[in-house]
Amino acid sequence: MPHSALAPYPALRMRRLRQAPWVRALVRENRLGPSDLIWAMVVHEGEGRIPVQAMPGVDRLSVAEAATAAREARALGIPCIAIFPHIDGETKDAEGSRAADPDGVISRAVRAMKDAAPEVGIMCDVALDPFTTHGHDGLIRNGCIANDETISRLIEQALVQAEAGCDILAPSDMMDGRVGALRAALESTGHNDMMIMSYAAKYASAFYGPYREAIGSGKLGSGPEANPIDKATYQMDAFNSDEALREVALDLSEGADMVMVKPGLPYLDIVRRVVETFAAPTFAFQVSGEYAMITAAGAQGWIDQDRAMMESLAAFKRAGCAGIITYFAPMAARKLGA
Ligand code: PBG
């Protein structure tokens with residue numbers, strides 16, 4: 001709308017439409033409901049719930065607890081849960097062999113959750129990092145991440161997740177060509193309806209810090225000694241924006257049904273460009289570090305945690321997200337339902 005179309009003050013007083021909650025609700029441009037949320041959840045191989053220190057309010061859940069959580073999601077109106085595995089360090093290896101274990105914690109959690117609440121969608125991360133001793137998303141050959149060999153391993157992992165009964169596969173590894181290879185593998189094995197949400201524009205980010213504790217891949221980040229390969233060799237550079245559009249274009253052309261931008265709040269400009277360019281369902285991942293910042297400041301009493309949570313989720317909707325993957329999902333849904 002051209003600004004000249006606006007009546008001048010005092011004919012126009014913008015505050016008229018802000019004077020009471022009912023009118024603010026009436027003219028609100030964007031909405032947030034539980035159905036906008038994908039609950040990010042960490043599952044572990046043991047029993048019970050184990051708090052994640054860097055993410056107050058988030059626990060790693062046993063398979064049985066995850067099934068209970070799926071029922072809770074249903075009751076709260078949360079349509080989908082994204083699960084991430086915490087794997088016993090003793091059983092990891094450099095090849096991430098357990099990623100394709102049909103009796104692994106992800107497969108068991110998917111089965112238990114679909115059993116408990118079949119109406120709730122389950123999304124699985126396709127990547128090797130929870131299973132590798134080095135914490136990388138790919139296989140290492142000659143000191144580098146081997147793109148094509150990694151893809152074969154990812155496909156094995158994804159087919160195991162599909163067999164377990166998950167609804168959405170979410171490749172988060174950032175290998176080139178993995179979406180196309182995954183789509184072909186799914187079609188040739190009869191998984192024609194399997195949805196793919198690709199981590200299309202995924203940045204190499206400091207905001208993933210607390211996730212390392214959550215899934216127990218602590219070696220990364222302990223310096224070049226422990227881990228000479230940088231995730232920046234496969235994840236995107238924070239200064240880039242056009243490159244995100246090329247990544248999204250590729251993933252859509254290879255068969256992704258939905259795309260994701262990650263992290264969330266620091267990358268809302270990317271969300272907006274992706275939405276405007278492709279008009280495809282676009283999601284943002286409000287990652288562990290974003291959660292940690294809000295809850296840490298909230299715990300100090302420096303910000304109102306609940307309001308900051310809701311305001312951050314509003315920002316995603318304003319930017320054009322179809323939905324948000326967030327650890328806040330149950331807390332936000334409870335507030336929205338209240
Ligand atoms: C890795 C993966 C990561 C996250 C989700 N999948 C970490 C990484 O890429 O280094 C981060 C999630 C979060 O920080 O909440 N495949």
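Which residues does Ala 99 touch, not counting residues up to four places away in sequence? In this predicted model, the answer is Leu 128, Phe 131 and Gln 157. Ala 99 itself sits in the loop that runs between strand 4 (80-86) and helix 3 (105-116). With a relative accessible area of 7%, Ala 99 is buried, because anything under 20% falls in that class. Another residue to look at here is Val 160: its C-alpha atom is 8.8 Å from that of Ala 99, although the two positions lie 61 residues apart along the chain.

The loop holding Ala 99 also supplies one end of a salt bridge. Glu 95, in the loop between strand 4 and helix 3, pairs with Arg 141 in strand 6 (residues 140-141), and the N to O distance is 2.8 Å. This pair ties together distant parts of the chain, 46 residues apart. Both ends are partly exposed, with Glu 95 at 26% relative accessible area and Arg 141 at 27% relative accessibility.

Across the whole structure, the search turns up 20 salt bridges. One of them joins Arg 49 to Glu 65, with the closest N and O atoms 3.2 Å apart. Here too the link is between distant parts of the chain: Arg 49 belongs to strand 2 (residues 49-51) and Glu 65 to helix 2, 16 residues away. Arg 49 comes out as partly exposed at 47% relative accessibility, and Glu 65 is also partly exposed, at 24%.

The salt bridge between Glu 156 and Arg 153 (3.5 Å, N to O) is a local affair. Both residues lie in helix 4 (residues 147-164), three residues apart, or about one turn of the helix. Their accessibilities fall in separate classes: Glu 156 is partly exposed at 43%, whereas Arg 153 counts as buried at 18%. Elsewhere, Glu 45, Arg 98 and Asp 101 are joined into one network by salt bridges that share partners.

Ser 62 is another loop residue, placed between strand 3 (59-61) and helix 2 (63-76). How buried or exposed is Ser 62? Its relative accessible area is just 2%, so Ser 62 is buried. Setting aside neighbours within four places in sequence, the contacts of Ser 62 are His 44, Gly 46, Glu 47 and Gly 48.

As for the cysteines, the search of the whole structure finds zero disulfides. Cys 80 is in none, and the nearest cysteine sulfur, on Cys 124, is 9.5 Å away; a disulfide would need the two sulfur atoms within 2.5 Å. Cys 80 is buried at 6% relative accessibility, while Cys 144 is partly exposed at 46%.

Further along the chain, helix 10 (residues 305-319) meets helix 11 (residues 329-337), their axes coming within 11 Å and crossing at roughly 95 degrees. The two helices are therefore roughly perpendicular to each other, as 65 to 115 degrees is the range for that label. On the helix 10 side, the contact is made by Asp 306, Met 309, Met 310 and Leu 313, and on the helix 11 side by Met 331, Ala 332, Lys 335 and Leu 336. Sorted by class, the contact has six nonpolar residues, two charged ones and no polar ones.

Technical notes:
Residues are numbered from 1 along each chain as its sequence is written. This is a predicted model: local features need pLDDT of at least 70, side-chain atom pairs count only at pLDDT 80 or more; totals for chains, interfaces and linings use all residues. Side-chain values use heavy atoms; hydrogens and water are left out. Axes are lines fitted to C-alpha atoms, for helices over the stretch in contact, and angles run from 0 to 180 degrees between N-to-C directions. Helices (H or I, at least four residues) and strands (E, at least two) are DSSP runs, numbered from the N terminus. Angles under 35 degrees count as roughly parallel, over 145 as roughly antiparallel, 65 to 115 as roughly perpendicular and the rest as oblique. Contact means heavy atoms within 4.5 Å. Ala, Val, Leu, Ile, Met, Phe, Trp, Tyr, Cys and Pro count as nonpolar, Asp, Glu, Lys and Arg as charged, and the others, Gly among them, as polar. Buried means under 20% relative accessible area, exposed over 50%, partly exposed in between (1.4 Å probe, protein chains only). A salt bridge is a side-chain nitrogen of Lys or Arg within 4 Å of a carboxyl oxygen of Asp or Glu.
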